[in-house]
Amino acid sequence: MKVVANWLPTMVFNIALPIITYALLTGYGMADAPALALSGVWPLIELGISFTRTRHADEFSIMVLVFLVIGVVASLAFNDARLLLVKDSAVTGLFGLVLLGSLLAPRPLMFYFGRKFATGGDPARVEWWNGLWQYPGFRRSQRILTVVWGAAFLGEAVLRVILSYALPLSTALVVTSVLPYVVLGLLIFGTVTYGRRAGRRNNQAAPAQ
């Protein structure tokens, strides 16, 4: 229940409110690009609240803002029916590349997303999570997760582009709409399973180290 309480404001500000805002604005005739831009006010508010409370930026809100910016650019660039299907592929594909590129940073992006999920912003738990980086097994698991998520998003984007042009338009619309949720569900299930196993291994290794 504590995890749900910690994540509820994040889900409201970064998922529910942007989607509702975008749907309302486009429903009243606003174009995709300005509607996406205006819906980004909610993640910005969440960033401000998070920084005021914890003195560090909320990584999930930053990720949502990046998605919104890419969506605005893609909406301005694509106006063909099939290109509109490809637009969302550009968003997830670029995010996959960002994840893979973060492997060159001192800590990959999945370390920060995992910290958000595992700690809920609680300072004591954030300190505990940061301390796990000293263990080689934990560092390896975070890099493996980053590779898997990055490759999955990139592969899903490529597959969606192929299907957008290989299938009839009506079929492509359905398939490309469902595919991201299937991939995301598999990623979450695999991450939770892998995280539990890696956590047990790290707990066994920590006393020896």
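Trainee: How many aromatic pairs does the structure hold?

Mentor: This predicted model holds ten aromatic pairs.

Trainee: How is the geometry of the pair formed by Phe-111 and Tyr-112 to be read?

Mentor: Planes over 60 degrees apart count as edge-to-face. For Phe-111 and Tyr-112, the angle between the planes is 85° and the centre-to-centre distance is 5.2 Å, and the pair is edge-to-face.

Trainee: Which ring pair is tilted, and why?

Mentor: Planes that are neither under 30 degrees nor over 60 degrees apart count as tilted. The planes of Trp-149 and Phe-153 stand at 50°, with ring centres 5.9 Å apart, so this pair is tilted. Both residues lie in helix H8 (residues 136-166), four residues apart, and about one helical turn therefore separates them.

Trainee: Are these rings buried or exposed?

Mentor: Buried means under 20% relative accessible area. Trp-149 has 12% relative accessibility and so counts as buried; Phe-153, with 11%, is buried as well. In the edge-to-face pair, Phe-111 is buried at 0%, whereas Tyr-112 is partly exposed at 26%.

Trainee: Which residues do ring pairs link into a cluster?

Mentor: The cluster consists of Phe-111, Tyr-112, Trp-128, Trp-129, Trp-133 and Phe-138, linked by ring pairs.

Trainee: What is the secondary structure of the protein as a whole?

Mentor: It comprises nine helices and zero strands. Of its 209 residues, 37% count as buried. Among contacts with a separation of 6 or more, 64% join residues 24 or more positions apart.

Trainee: What share of the accessible surface belongs to carbon and sulfur atoms?

Mentor: Carbon and sulfur atoms account for 73% of an accessible surface of about 11,800 Å².

Note on methods: Residues are numbered from 1 along each chain as its sequence is written. This is a predicted model: local features need pLDDT of at least 70, side-chain atom pairs count only at pLDDT 80 or more; totals for chains, interfaces and linings use all residues. Side-chain values use heavy atoms; hydrogens and water are left out. Helices (H or I, at least four residues) and strands (E, at least two) are DSSP runs, numbered from the N terminus. Buried means under 20% relative accessible area, exposed over 50%, partly exposed in between (1.4 Å probe, protein chains only). Contact means heavy atoms within 4.5 Å. Accessible areas come from the Shrake-Rupley method with a 1.4 Å probe; for residues, only the protein chains shown count as cover. Rings of Phe, Tyr and Trp (its six-membered ring) pair if their centres lie within 6.5 Å; planes under 30 degrees apart count as stacked, over 60 as edge-to-face and the rest as tilted.
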